[in-house]
Amino acid sequence: METNYITGVMPESQCFRSDSSDDVIAKAYVSHRDGILRYIHSAINNRAEAEDLVQDVFLRILDYRMLINEATIKFFMYKIARNLICDYLRRHQVRQECYDYIYYNVSSPETESADCLAITKDIASLERDIIARLLLQRRVTYRMKRFGLMTCNEIACRLKLSTRTVENHYRHACLEIRDYMKRCI
């Protein structure tokens, strides 16, 4: 490569141009934004948070503008999106742990802080969303046992099912909820 001995720099034609990488990023934003939004939304199931994470993806892409071109930008975008999803789900796990701590250890209202109450409400909302996705029999059984504080025998009598069937519905509901929570972690 030739350098200009007077200024000590390479000619402009041999330098990387940020304008071209900015064009690649702009084109990628237009063509891949919706796909990345669907990808993130399917992982976290929160539209508003997914839209924020999509914006974060493209902000982080700007940090790598010298490494990307049209052939690599899609890979970078989805890799960054995956990393942001992992970070989001880790934060979600902390909320769950706080909820569990409050639920099982804190009993007096004066010891609960506003932050913990807000986290508790968020997690309770998440639990309601998960319960709403369960099959009807599992959902009814889970609600009656968890919130109605009924025994399996009482639920069986009320629903006119065998006790063993109620136990199976409750067990499967708990497994589905636990599995969903693990995926959020």
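Here are a few notes on the fold, the surface and two backbone oddities in this predicted model.

1. Let's start with the overall make-up. You're looking at a protein with 7 helices and 0 strands. Walk along the chain from the N terminus and the elements read α-α-α-α-α-α-α.

2. Next, burial and surface. The protein has 185 residues, and 31% of them count as buried. About 12,500 Å² of the protein is exposed, with 53% of that area coming from carbon and sulfur atoms.

3. How much of the contact set links residues far along the chain? Taking contacts in the protein with a separation of 6 or more, 55% come from residues 24 or more positions apart.

4. Now for the backbone. As a rule, most residues other than glycine have a negative phi. Asparagine 45 isn't a glycine, yet its phi is positive, at about 55°. You'll find asparagine 45 in the loop that joins helix 1 (18–44) to helix 2 (47–63). Its relative accessible area is 35%, so asparagine 45 counts as partly exposed, a class that lies between the 20% and 50% cut-offs.

5. Where does leucine 149 sit? Look in the loop between helix 5 (136–146) and helix 6 (152–159). Leucine 149 also has a positive phi, again about 55°, without being a glycine. Buried or exposed, then, for leucine 149? The relative accessible area of leucine 149 is 69%, and exposed means over 50%, so this leucine is exposed.

Technical notes
Residues numbered from 1 in each chain as written. Predicted model: local features only at pLDDT ≥ 70, side-chain atom pairs only at ≥ 80, totals over all residues. Heavy atoms only, no water. Helix = DSSP H or I, 4+ residues; strand = E, 2+ residues; numbered from the N terminus. Buried < 20%, exposed > 50% of the residue type's maximum accessible area, 1.4 Å probe, protein only. Contact = heavy atoms within 4.5 Å. Areas by Shrake-Rupley, 256 points an atom, 1.4 Å probe, with all protein chains shown as cover.
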